[in-house]
Amino acid sequence: APVMLVELLLRAACVSLFFPGGQGRVYPGRKKPASFAVERRRVGPHVCFSGLGSGCCPGWMVSPGSGQCTLPLCSFGCGSGFCVAPNLCSCPDGEQGITCPEPPGTCGEYGCDLSCNHGGCQEVARVCPLGFSLVETATGIRCTDIDECLSAACEGLCVNTEGGFVCECGPGMQLSADRHSCQDTDECLATPCQHRCKNSVGSYRCSCRPGYHLHGNRHSCV
């Protein structure tokens, strides 16, 4: 019996030698992760519990300032507003909804047309051609011609055209190079008289050499 007791004591000593503190150790693979312990301790509003621990309820996220689930989430975005509750936006116009309308962009109050070329598309402001103005009607919008003659500086007669205007001059006058003012036309350059021609502003007068008199047609000499 003493020999058996000594053998058992030796075996116990060997176990203690090769596995010190063996009975107090837990296999590392079964150690619970630190994050799990942290999640179990989450407190505050909007915290939901599950079999794996605790976390923010759907629609809420952790606020960087407090570390609590107090930051609401809006899945559709709030545009120019801000999120006040899960999927509830407060908009600049005072309204609330799941999202806020985008503010008018560079297209103005009449919106944009989509212009596409060679696979690339961009929004272009809906405007009228030069010389036309945009008019809102009961059925929509349309472009109407601007009467430039209301402000045009024509020396003679102003004629409104579609998308623009032209200046015209009276008889015996011609339009200058600036397309606005009028200048006298030298009708004598066209040799309307048989003998002599004298130009005047807006007209001309024929005369004859000595020994001739002016015909009744005011151009020929007899």
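Is Ser176 buried or exposed? In this predicted model, Ser176 counts as buried, because its relative accessibility is 11% and the cut-off for burial is under 20%.

**View 1. Ser176 sits in a loop between two strands.** The strand before the loop is S14, residues 173–175. The strand after it is S15, residues 182–184. Setting aside neighbours within four places in sequence, Ser176 is in contact with three residues: Ser181, Cys182 and Gln183. At 11% relative accessibility, the serine falls in the buried class.

**View 2. The whole protein chain is built from two helices and 17 strands.** The chain has 222 residues, and 16% of them count as buried. About 16500 Å² of the chain is exposed. Carbon and sulfur atoms supply 59% of that area. Among contacts with a separation of 6 or more, 12% link residues 24 or more positions apart.

**View 3. Strands S5, S6 and S7 form an open sheet.** The strand order is S5-S6-S7, and the pairing is antiparallel. S5 (82–85) and S7 (96–97) are the edge strands. Each has a single partner strand, so one side of each has no neighbour in the sheet.

**View 4. S5 and S6 are joined by three bridges.** S6 covers residues 88–90 and runs antiparallel to S5. Which residue in S6 is the bridge partner of Phe82? The partner is Ser90.

**View 5. Five cysteines make up the largest nonpolar core.** The members are Cys74, Cys78, Cys89, Cys91 and Cys100. In general, nonpolar side chains of soluble globular proteins tend to be buried together. Leaving out residues up to four places away in sequence, Cys74 touches Cys83, Ala85, Asn87, Leu88 and Cys89. Cys89 is thus named both as a contact of Cys74 and as a member of the core.

**View 6. Met61, Leu71 and Leu73 make a nonpolar patch on the surface.** The patch has an area of about 220 Å². Where does Leu73 lie? Leu73 is in the loop between strand S4 (71–72) and S5. Leu73 counts as partly exposed, because its relative accessibility is 36% and that class lies between the 20% and 50% limits.

Methods. Residues are numbered from 1 along each chain as its sequence is written. This is a predicted model: local features need pLDDT of at least 70, side-chain atom pairs count only at pLDDT 80 or more; totals for chains, interfaces and linings use all residues. Side-chain values use heavy atoms; hydrogens and water are left out. Helices (H or I, at least four residues) and strands (E, at least two) are DSSP runs, numbered from the N terminus. Buried means under 20% relative accessible area, exposed over 50%, partly exposed in between (1.4 Å probe, protein chains only). Contact means heavy atoms within 4.5 Å. Accessible areas come from the Shrake-Rupley method with a 1.4 Å probe; for residues, only the protein chains shown count as cover. Two strands pair if DSSP finds at least two bridges between them. Patches are made of residues with over 30% relative accessible area and no salt bridge: like charges are joined within 9 Å, nonpolar side chains (Val, Leu, Ile, Met, Phe, Trp, Tyr) within 5 Å. A salt bridge is a side-chain nitrogen of Lys or Arg within 4 Å of a carboxyl oxygen of Asp or Glu. A nonpolar core is a set of buried Ala, Val, Leu, Ile, Met, Phe, Trp, Tyr and Cys residues joined through side-chain atoms within 4.5 Å.
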